[in-house]
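Here are some notes to read alongside the model. Please keep the structure open while going through the points.

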Amino acid sequence: MHNILKIKHINAFAFILLAVFFLPIANADLLYTWQEYGLFMSTSSFMAETVSNYGLWAWIGSYLTQFFYYPWLGSGMLIAMWIISYYLIASAFKMQDEWSPIALIPFVSLLISVVQVGYWIYYINTPGYCFSFSACYLIAALITWGVSKIGKGFIKRRLTIAAVFIGILFTIGYRIPSFSRSEYSDFSLCIPFIVAAASPVFLAIPYEKVKLSMPLRTGIMSGVFALMCMATAMLNFSNSNFHSEMKMYKALDESRYEDVLKEAQSIKGEPSNMMVVYKNIALLHTGKLTDIFKVNNCGIQPAANDSLNVRIAHISGEMVYYQFGQINFAYRWGVENGVKRGMTNTRLKMLFRCAVFNKEFDLAHKYLTLLKKTTFHKDWAKEHENWIMRGSDFFSSVEYENIYPLLDEDINYLDDDQSFCEKWILDHFSDLVHPTSSKLEELIMCTALWTEDEYSFLVHFYDYYNRHKNEGIPLVYQEAVIMLASNEDSPITLGKDFRFDPIIVERFNNFAAEYQSYTQKGMEDKEIGKKLKPMFGDTYWWYYYFYTDFMIY
Amino acid sequence: MKLRNILSACAIALIIAACGHPSVPTDAKQESRLPKIYPDYTEVTIPCNICPLNFAVQEGATEAVARLTYPGGELTYGEDCNILIDESEWKDMLEASKGKSIKVDVFAKVNGSWIAYKPFNINVAEDPIDQYISYRLIQPSYVAYEQLSISQRDLTSFEEKDIYNNMSVGTEKDGQCINCHSYKNYKTDNMLFHMRQALGGTMLVSNGEVKKIDLKTEQTISAGVYPAWHPTENLIAFSTNKTGQSFHTKDLNKIEVQDTYSDLILYDVDKNEVSIISELDDELEVFPTWSPDGKKLYFCSAHFEYLNDSIETETEMIQRYREVQYDIYAADFDAKTKTFSNMEKIYDAAAIGKSATLPRISPDGKYLLFAQANYGCFHVWHNDADIFILDLNTKEAKNLKEVNSDRSESYPTWSSNGRWIMVDSRRDDGNYTRPFIAYFDKNGKAHKAFEVPQKDPNFYTYFLRSYNRPEFMIEPVKVTPQEFAKKAKEDAIKASFAN
């Protein structure tokens with residue numbers, strides 16, 4: 001009983017709780033994304049290439065990262081590695097029980113290194129990032145522990161053990177990763193790795209010589225542990241949009257469009273542009289794109305944890321283009337991102353899909369063959385093999401049904417999105433003249449409204465109205481035309497050109513009157529927007545007049 | 001002692017089992033068709049000094065065995081579905097089969113039953129191939145690049161080494177694009193490649209000495225791009241190009257690489273001096289290559305007039321990309337005066353609605369290989385691109401069907417003895433370029449092309465990089481990657497312009 005209640009074990013238990021909270025509980029989506037944006041294949045060429053370019057630990061780390069497919073499983077393995085390392089270190093340094101929280105410093109640092117990355121997860125090209133450093137640390141701890149047990153005299157001194165540990169750590173390949181790309185870099189993200197590597201210095205301090213009363217020592221150590229918890233909480237990148245984006249991406253990848261919409265509706269603050277794009281993809285494929293302004297369409301910039309210049313194209317350009325039926329551009333970003341940030345499970349899947357849509361079946365087969373060499377994505381590969389083997393499976397798939405109507409536009413031209421995929425998609429669709437499907441027509445008209453290009457919208461609306469006037473015109477179209485008709489120089493007259501629901505006309509008049517009255521009171525648009533949002537936030541008018549911070553990225 | 005004996009016996013048995021040859025199934029059912037194997041080595045003609053042609057049997061089998069019958073005997077191989085041939089046995093086999101054939105019988109166990117397929121031959125030519133090839137390994141990317149290498153491969157073994165790896169001096173903003181490796185007369189004491197972006201310059205090895213040169217002058221539109229070493233003089237012809245890239249929204253060619261302007265320059269290595277070869281208005285000159293005697297310079301040129309002053313030339317080029325068609329020209333060269341004269345069009349591709357690029361003259365000076373597609377200059381991305389051969393005496397061009405596929409073929413080149421042709425082909429999957437070699441016999445006939453063998457026959461399937469611009473060499477590059485990296489960090493020596 002006494003043994004179980006040792007402070008060392010209590011620390012270990014407390015650390016497990018801390019890690020469990022910050023890994024599978026608070027960051028399950030992040031961990032899943034780690035493995036989606038990673039790759040491990042059981043081939044000798046993958047091993048040779050990974051080891052020669054990134055080192056053995058990257059290969060080991062890549063192998064272990066795939067277990068984040070089940071976040072609890074991967075977390076369990078990572079935490080186990082840390083706990084084993086903790087006991088080895090505590091034993092090697094002969095840490096007295098009450099000072100043992102000091103031995104947790106490197107593992108709290110490594111925990112922070114996993115949960116602090118934020119948008120860098122999409123940019124760092126360090127295969128096996130989550131595990132490679134910890135695995136290296138574990139082996140260094142094991143060797144050091146062995147040395148401490150075998151060695152005698154001088155070797156057994158703590159300072160020597162610390163030196164041996166650090167020496168072994170760097171000799172076997174522990175390196176501080178680089179958080180830099182183009183002109184952006186963030187040294188602060190390297191600090192946990194430096195702390196973890198330097199922590200043997202803290203362990204070498206002869207704490208037993210510090211003459212403090214037991215309660216004081218316990219108090220100090222409790223404080224140290226509390227500080228570690230606080231540091232983890234503060235450095236954990238908890239931005240809700242960041243997490244929602246990952247959830248929405250996963251749902252899109254699995255064609256769970258309703259779940260994308262649920263996530264979009266659940267957010268409390270302002271969504272990021274990426275979330276708006278994901279939301280509109282889901283609306284498009286569920287036939288509800290005309291509800292575009294009913295769920296917040298006012299995107300903001302991503303809350304990157306530093307000056308990182310995040311672009312939608314870099315994070316999920318391939319997915320976004322694919323969902324909008326722009327297969328060549330989707331393929332391009334799959335390859336481009338693979339080159340810059342490493343080929344990954346999710347990119348291989350996207351490249352496969354693009355190849356199938358482009359009828360490049362040999363190419364599709366190549367990507368499937370690679371996916372079949374993974375542990376957790378081989379089933380996906382086998383499932384999708386029928387897309388190639390039996391065309392009927394592809395033609396009856398949800399993805400084909402959703403995306404094919406958007407493909408049917410035969411005009412080819414040369415272009416470049418300059419890495420702004422959202423802008424390219426909006427410009428491309430709002431400029432299209434001859435829609436070849438009703439879905440494409442809806443997309444063209446809604447992107448025109450999304451970009452507040454009401455005249456492009458109107459070009460299509462005349463024809464649309466004549467075909468659909470007896471079936472009911474979507475609310476958002478009516479809102480747009482009513483607003484346009486209210487302009488002094490408007491080319492259209494309500495009643496004469498179009499007949500709409502008088503309730504909507506009245507609502508617009510109320511909106512205009514309220515807007516005018518606030519303006520007359522000298523209020524600024526930003527303030528007026530806030531006042532009118534509860535009543536009119538779901539209308540095109542509100543979006544048109546008060547969403548003025550449309551910043552593409 | 002007893003235990004030791006048992007263990008020794010077990011170990012020997014294991015070694016024998018590991019090194020042994022599988023037995024050929026006796027109860028196999030005969031099929032009248034050829035087996036599906038990858039790479040396709042059926043009925044190919046190979047050099048007498050090439051490494052083993054390992055292949056995978058792709059019949060959905062659980063096991064496969066191949067029996068190779070050659071003039072000296074027969075040997076069997078098979079590991080799961082891979083046929084992995086022992087290197088020293090293969091060497092003996094080739095030696096015994098020079099000018100003859102190796103017969104290959106393939107057996108596969110499909111659904112529990114053995115099947116024997118129609119045998120095929122591997123013909124062994126008496127002509128050897130240059131021992132080395134080099135290529136740039138690059139992901140078939142668009143704008144981004146990372147992890148590029150120019151590598152050299154020993155064709156008599158599976159050994160591959162980096163000549164230079166762009167990761168050795170920096171990544172991201174400090175990263176480099178490396179390209180256009182080129183050799184003088186297949187030897188490596190005089191060679192070059194370019195580095196772009198960070199630490200940019202042309203890495204030039206001149207008589208074994210490494211230099212870094214900046215070939216951009218105020219009078220030329222860019223630094224040197226596509227190079228061609230003069231066979232006897234210390235001169236290099238380059239194109240200078242203002243190049244852009246744009247992307248197809250639908251077309252499966254996916255990428256267009258276009259020159260809005262391009263000219264030709266001559267670089268005098270000894271004088272470190274650049275002069276103009278051709279800078280004609282409305283002509284896009286590119287891809288220079290010398291005749292083996294150095295008396296003629298061949299190159300491609302497209303006539304293109306910009307018509308719309310209201311838009312930028314890049315935009316107009318993008319809009320009219322299909323109108324750009326290259327013809328092949330030749331000009332006489334006087335090595336004493338270093339002057340060019342009598343420029344003539346020797347192949348009018350545009351007249352037949354085509355675009356001819358990447359010319360290469362055979363070492364005997366009789367033939368010219370080139371890549372032809374419907375338009376443009378960057379045929380590696382053009383699915384309709386094929387290799388053509390022009391008889392320089394008759395001026396007749398023909399499609400070299402034996403080396404072509406229904407996907408892109410480009411970058412043709414000759415071995416130093418003129419008996420082997422190497423091309424880049426995307427026939428495997430349409431996107432990843434692989435080097436293919438074909439025999440070109442004394443009668444001017446090309447034979448079926450085969451993919452450069454790899455130790456693991458499935459290597460190309462798993463490999464996500466393209467083999468760009470394959471070149472033959474008769475010796476390895478002697479400058480080490482570290483020496484290149486060291487030189488890369490130095491400032492480039494600025495070339496001067498000769499009026």
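1. Begin where the two chains meet as strands. A:Leu414 stands opposite B:His248, a residue of β19(B). The model is a predicted one. The strand on the chain A side is β3, residues 414-415, and its pairing with β19(B) is antiparallel, over two bridges.

2. How many residues of chain B are in contact with chain A? There are 32, and they meet 32 residues of chain A. On the chain B side, β19 (235-248) and α4 (459-462) each supply at least two of the residues that touch chain A. That side of chain B divides into 13 nonpolar, nine polar and ten charged residues.

3. Next, chain B as a whole. Its secondary structure consists of five helices and 36 strands. Along the principal axes, the C-alpha atoms of chain B fill a box of roughly 85 × 55 × 45 Å. The radius of gyration of chain B is 25 Å; this agrees with a compact globule, because a globule of 499 residues would have a value near 23 Å.

4. Two percentages describe the inside of chain B. Of its 499 residues, 47% count as buried. If one takes the contacts in chain B between residues at least 6 apart in sequence, 57% of them join residues at least 24 apart.

5. One hairpin in chain B is worth finding on the screen. Five residues lead from β12(B) to β13(B) in this hairpin. The two strands, β12 (residues 149-154) and β13 (residues 160-165), pair in the antiparallel sense, with five bridges between them. Within this pair, B:Arg153 stands opposite B:Glu160 of β13(B).

6. Chain A is assigned three stretches: domain 1 (7-235), domain 2 (240-407) and domain 3 (425-546). Measuring sticks aside, the question is where domain 1 of chain A lies relative to domain 3 of chain A. Their C-alpha centres are 55 Å apart.

7. Last, a single residue of chain A. A:Gln96 sits in the loop between α5 (71-92) and α6 (105-115) of chain A. Is A:Gln96 buried or exposed? A:Gln96 counts as partly exposed, because 15 C-beta neighbours lie inside 10 Å, and a residue needs 20 or more to be buried and 12 or fewer to be exposed. Apart from neighbours within four places in sequence, A:Gln96 is in contact with A:Tyr207 and A:Glu208. A:Glu208 is 112 residues away from A:Gln96 in sequence, yet the C-alpha atoms of the two are 7.1 Å apart in space.

Methods: Residues are numbered from 1 along each chain as its sequence is written. Chains are lettered from A and ligands numbered from 1 in the order in which they are written. This is a predicted model: local features need pLDDT of at least 70, side-chain atom pairs count only at pLDDT 80 or more; totals for chains, interfaces and linings use all residues. Helices (H or I, at least four residues) and strands (E, at least two) are DSSP runs, numbered from the N terminus. Two residues are in contact if their C-beta atoms, placed from the backbone, lie within 7 Å. Two strands pair if DSSP finds at least two bridges between them. Domain bounds come from an automatic or database domain assignment. Ala, Val, Leu, Ile, Met, Phe, Trp, Tyr, Cys and Pro count as nonpolar, Asp, Glu, Lys and Arg as charged, and the others, Gly among them, as polar. The radius of gyration is taken over C-alpha atoms; the globule rule is 2.2 Å times the number of residues to the power 0.38.
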